[in-house]
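Open the model in your viewer and keep the selection tool at hand. The tour below goes from one selection to the next and says what is found at each stop.

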Amino acid sequence: MLFLITLITTFSAGYLQGGNIMNGIFFSAALIFILGTHEMGHYIYGKRNGVDITPPYFIPAPPFISPIGTFGAFIKIKSPISTKKALFDIGIAGPLAGIVAAIPVIIIGIKLSRVVEVTDESLEHGITLGSPLLFSFISDSLLGKIPEGYDLLLHPVAFAGWIGLFVTALNLIPAGQLDGGHIIYAIFSRKWHRRISILIIIFLIIFGVGTGPIISYFIPLFEVNKIGAYAELISFEGWGGWVMWAAILTIMGTNHPPTTYDEAKLDGKRVFLSFLSLCVFVGCFTPLPIKV
């Protein structure tokens, strides 16, 4: 029932974006495909490791509350995870499956998108999306460098692909009980998992507030010339959503539930996959995802 309602709400969101029924269908199908693939990655590897795990639950949301018509999807793990290897496999399978699903969606979506001239009205009233490295690479490869004064008006399918990258980045944040947190816990000790989680929360607050207020606070404490000369290099605008995520991670807690057996270090293949997940995180992350 949740899945059927999510189909309706995501279709409505796509219809409002694209202005016709086909765009609503395409957006809903692309977004559900990416979110479902991500969660099925967790599900399949959970089953492979003998974990009692549910298929994905989709969370519908009215378009006037969530512009994409959903709050995402999740799975429920009903039994303890026995080893760190199992935890690692379950945690990393979702983001890697999700990124594999998102890339073809982005390629199709960019092919359907249009390069338009940027006007004063669009700058004043428009919504600008941050461009992750992976999205920019695919866009530049397909369209070439977009001339100054022009921008890419995303087709709803391309927007669904962008959401896929954003969701992947969120899940791979190496903190708490997010997928990235599972990976960190499986690689390092519980103590280091907690330290890294706390450090990430601090970084999220900085990304949420931006460096402007921080620099303004510290400049009076030191000589203006020493900091002012470098202020522009380290200055960036904050996005309030990161503060919200810092609060969520704080409420969830920085401790990770232990696995049944706390065995030795992971093998080389899994260490390589952890490095790959870090590259995926960097490729999907953007400090300022949405600017109105």
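## Stop 1: a nonpolar patch

Select Tyr15, Leu16, Ile21, Met22, Ile25 and Phe26, which make a nonpolar surface patch of about 590 Å². A patch consists of residues with over 30% relative accessible area and no salt bridge, with like charges joined within 9 Å and nonpolar side chains (Val, Leu, Ile, Met, Phe, Trp, Tyr) within 5 Å. Accessible areas come from the Shrake-Rupley method with a 1.4 Å probe, and for residues only the protein chains shown count as cover.

This is a predicted model: local features need pLDDT of at least 70 and side-chain atom pairs count only at pLDDT 80 or more, while totals for chains, interfaces and linings use all residues. Residues are numbered from 1 along each chain as its sequence is written, and side-chain values use heavy atoms, with hydrogens and water left out.

Now colour helix H1 (2-18) and helix H2 (21-48), each of which supplies at least two residues of the nonpolar patch. Helices (H or I, at least four residues) and strands (E, at least two) are DSSP runs, numbered from the N terminus. H2 provides the largest share of the patch, four residues. Tyr15 sits in helix H1 and is partly exposed, at a relative accessible area of 37%. Here buried means under 20% relative accessible area, exposed over 50%, and partly exposed in between (1.4 Å probe, protein chains only).

## Stop 2: the salt bridges

How many salt bridges does a search of the whole structure find? There are three; a salt bridge is a side-chain nitrogen of Lys or Arg within 4 Å of a carboxyl oxygen of Asp or Glu.

Select Asp89, in helix H3 (residues 84-112), together with Arg270. The two form a salt bridge, with the closest N and O atoms 2.9 Å apart. Because Asp89 lies in helix H3 and Arg270 in helix H12 (residues 268-284), the pair ties together parts that are 181 residues apart in sequence. Asp89 is buried, with a relative accessible area of 13%, and Arg270 is buried with a relative accessible area of 13%.

Add Asp267, whose side chain meets that of Arg270 in a salt bridge (2.4 Å, N to O). Asp267 is partly exposed, at 26% relative accessibility. Asp89, Asp267 and Arg270 are thus on view as a network of linked salt bridges.

Stay with Asp89 and show its surroundings. Apart from neighbours within four places in sequence, Asp89 is in contact (heavy atoms within 4.5 Å) with Tyr45, Asn49 and Arg270. Measure from Asp89 to Gly46 as well: their C-alpha atoms are separated by 8.1 Å, with the two positions 43 residues apart along the chain.

Next, select Asp140 and Lys145, whose side chains form a salt bridge (3.8 Å, N to O). Asp140 is partly exposed at 33% relative accessibility, whereas Lys145 is exposed at 72%.

## Stop 3: the nonpolar cores

Which residues have the most contacts inside the largest nonpolar core? Select Phe27, Ile173, Leu204 and Trp242, in a core of 48 residues. A nonpolar core is a set of buried Ala, Val, Leu, Ile, Met, Phe, Trp, Tyr and Cys residues joined through side-chain atoms within 4.5 Å. Helix H6 (156-171) gives the most to this core, with nine residues.

Finish with Tyr43, Ile53, Ile75 and Tyr185, which are included in a second, separate core of nine residues.
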